[in-house]
Amino acid sequence: MASMRLAAMEARVDQLVEALLQEPPSLEPVSPRVEPPWTRERLRPVVHRVAARGVLTLDDVRLYVGLAQTLGVDFEEQRPHAWMRAWLDDTAVSEPTARLHRVVRERRRREDVALRNQRKAEAFRLRHAPSGKDT
């Protein structure tokens with residue numbers, strides 16, 4: 001029974017990988033960390049990792065792959081993103097897709113806060129720059 005389940009999951013991973021590879025490249029802004037284009041060999045372990053968590057719909061897998069593309073395929077192992085792994089593994093939230101969506105929302109919120117803080121710091125710097133001097 002377990003081998004049938006494993007075979008079914010592997011088949012689903014293969015389907016998802018093929019579907020993702022058939023999609024046109026994303027037009028989202030390029031992140032500071034530039035990952036090489038996806039290949040079957042690079043994409044399969046990423047899709048397998050999220051599928052093993054129980055996330056099996058193409059839209060949700062696409063979200064996870066987007067995180068990997070932006071943050072690095074090993075983002076869950078990176079210290080600055082350790083909270084993401086903890087949230088993805090949080091059994092207090094029973095639905096795996098809900099965990100993923102919570103991570104995506106929180107990441108966006110943190111990015112928005114960082115951008116607002118950056119803008120405020122720049123405005124402060126400009127407002128308080130010594131007059132007549134370039135900063």
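## A tour around helix H3

Helices H1 and H3 lie roughly perpendicular to each other, so they make a good landmark in this predicted model. Select both: the angle between them is about 70 degrees, and their axes are 11 Å apart.

Now show the side chains where the two helices touch. On H1, pick Arg-12, Leu-16, Ala-19 and Leu-20; on H3, pick Leu-58, Val-61, Arg-62 and Val-65. Colour this contact of H1 with H3 by class, and you will find 6 nonpolar residues, 2 charged ones and no polar ones.

Next, select H3 alone, residues 58-71. Its 14 residues reach 20 Å from the first C-alpha to the last, close to the 20 Å expected at 1.5 Å a residue. Which residues of H3 are buried? Highlight Asp-60, Val-61, Tyr-64, Val-65, Leu-67, Ala-68 and Leu-71 to see them. They sit on the same side of H3, because they cover an arc of only 150 degrees around the axis. An α-helix has 3.6 residues a turn, so residues three or four places apart point the same way.

What do the buried residues of H3 pack against? Add helix H1 (2-22), helix H2 (40-52), helix H4 (82-88) and helix H5 (96-127) to the view, and you have their partners. Then step just past the end of H3 to Gly-72, which takes a positive phi of about 110 degrees.

Finally, zoom out to the whole protein. There are 5 helices and 0 strands, and 27% of the 135 residues count as buried. Among contacts between residues at least 6 apart in sequence, 58% join residues at least 24 apart.

Terms used
Residues numbered from 1 in each chain as written. Predicted model: local features only at pLDDT ≥ 70, side-chain atom pairs only at ≥ 80, totals over all residues. Heavy atoms only, no water. Helix = DSSP H or I, 4+ residues; strand = E, 2+ residues; numbered from the N terminus. Expected span 1.5 Å × (residues − 1). Buried < 20%, exposed > 50% of the residue type's maximum accessible area, 1.4 Å probe, protein only. Arc of directions from axis to C-beta. Contact = heavy atoms within 4.5 Å. Axes fitted to C-alpha atoms, helices over the stretch in contact; angles between N-to-C directions. Parallel < 35°, antiparallel > 145°, perpendicular 65-115°, else oblique. Nonpolar A, V, L, I, M, F, W, Y, C, P; charged D, E, K, R; others polar.
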